[in-house]
Amino acid sequence: AQNEYARSMLPLSDTIPGTQPRMELWERAAPIVKIMGQLFVKRVFGPQVIGQIMQDLIGVKAVDADLPPEDVLECACKLLRITGSLLNSTRVGKLLLDAFFDRLMDLMRKMGPDGSIY
């Protein structure tokens, strides 16, 4: 699942030789992110994997100037709905949640005057 996730996060212009052209990001990443969240809930891997996925989706560091598309934000929110309560039950998870929510608040502040994102 983690390898499939990594392949799904290739830029939209990338293709894997011998395969069809890449689908839209939401179509190819959302189901994989959901599975990764469910595997985390079943404790197949630790919170660091969720942290990396969220980093890939929305960026959580101050240097992440790229603004993710709206469908990527939706994917990130879906992952947080699946994993949030378990993340909140650990020290590392709480730190990650703080970083995720700080980034989401930062993105929210970049909404346009008409309510559109960015």
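This is a guided tour of the structure above, with a suggestion at each stop of what to select next.

**Start with the whole chain**

Before selecting anything, keep in mind that this is a predicted model. If you show the chain as a cartoon, you will find five helices and zero strands, so that the order along the sequence reads α-α-α-α-α. Of the 118 residues of the protein, 36% count as buried. Among contacts between residues at least 6 apart in sequence, 55% join residues at least 24 apart.

**Colour by confidence**

Now colour the chain by pLDDT, which averages 80 over the protein, with 69% of the residues scoring at least 70. Which helix has the lowest mean pLDDT among the elements, and which the highest? Select helix α1, residues 2-8, to see the lowest mean, 57, and then helix α3, residues 47-58, to see the highest, 94. Next select residues 12-16, where the pLDDT is below 50, and note that beyond near neighbours in sequence this stretch has 11 contacts in the model.

**Select helix α2 and alanine 29**

Move on to helix α2, residues 25-41, and pick out alanine 29 within this helix. Alanine 29 is buried, with a relative accessible area of 1%. If you now add leucine 57 to the selection, you will see two residues that are 28 apart in sequence, while their C-alpha atoms are 9.7 Å apart in space.

**Select the loop between α2 and α3**

Follow the chain into the loop between α2 and α3, where you can select arginine 43. Is arginine 43 buried or exposed? Arginine 43 is exposed, with a relative accessible area of 62%. Its backbone deserves a careful look as well, since arginine 43 has a positive phi of about 65 degrees although it is not a glycine. Most residues other than glycine have a negative phi.

**Select the two phenylalanines**

A search of the whole structure finds one aromatic pair. To see this pair, select phenylalanine 40 and phenylalanine 45, whose ring centres are 6.5 Å apart and whose planes meet at 35 degrees, so the pair is tilted. Phenylalanine 40 counts as buried at 5% relative accessibility, and phenylalanine 45 also counts as buried, at 17%.

**Select helix α3**

Helix α3 has 12 residues and reaches 16 Å from its first C-alpha to its last, which is close to the 16 Å expected at 1.5 Å a residue. Why can α3 be called largely enclosed by the rest of the structure? The reason is that nine of its 12 residues are buried. You can show them as sticks: Pro47, Val49, Ile50, Gly51, Ile53, Met54, Gln55, Leu57 and Ile58. Just after α3, select glycine 59, which takes a positive phi of about 65 degrees.

**Select helix α4**

Continue to helix α4, residues 70-87, whose 18 residues should span 26 Å at 1.5 Å a residue; its end C-alpha atoms are 24 Å apart, which agrees. Look along this helix for a kink of about 40 degrees, centred on arginine 81. The buried residues of α4 include Val72, Leu73, Ala76, Leu79 and Leu80, and further along the helix Gly84, Leu86 and Leu87 are buried too.

Threonine 83, which is also found in helix α4, makes a useful next selection, because at 0% relative accessibility it counts as buried. Which residues does threonine 83 touch, once its neighbours within four places in sequence are left aside? Threonine 83 is in contact with Gly37, Phe40, Val41 and Ile50, and one of these, Phe40, is a residue you have already seen as part of the aromatic pair.

**Finish with the cysteines**

For the last stop, select cysteine 75 and cysteine 77 and show their sulfur atoms. A search of the whole structure finds zero disulfides, and cysteine 75 is accordingly in no disulfide, the nearest cysteine sulfur being that of cysteine 77, 9.4 Å away. Why is there no bond between the sulfur of cysteine 77 and that of cysteine 75? The distance of 9.4 Å is too far for a bond, given that a disulfide requires the two sulfur atoms to lie within 2.5 Å. The surroundings of the two residues can be compared as well: cysteine 75 is buried, with a relative accessible area of 3%, whereas cysteine 77 is partly exposed, with a relative accessible area of 32%.

Notes: Residues are numbered from 1 along each chain as its sequence is written. This is a predicted model: local features need pLDDT of at least 70, side-chain atom pairs count only at pLDDT 80 or more; totals for chains, interfaces and linings use all residues. Side-chain values use heavy atoms; hydrogens and water are left out. Buried means under 20% relative accessible area, exposed over 50%, partly exposed in between (1.4 Å probe, protein chains only). Rings of Phe, Tyr and Trp (its six-membered ring) pair if their centres lie within 6.5 Å; planes under 30 degrees apart count as stacked, over 60 as edge-to-face and the rest as tilted. pLDDT is the predictor's confidence in each residue, from 0 to 100. Helices (H or I, at least four residues) and strands (E, at least two) are DSSP runs, numbered from the N terminus. Contact means heavy atoms within 4.5 Å. The expected span of a helix is 1.5 Å times one less than its number of residues. The bend at a residue is the angle between axes fitted to the seven residues ending there and the seven starting there.
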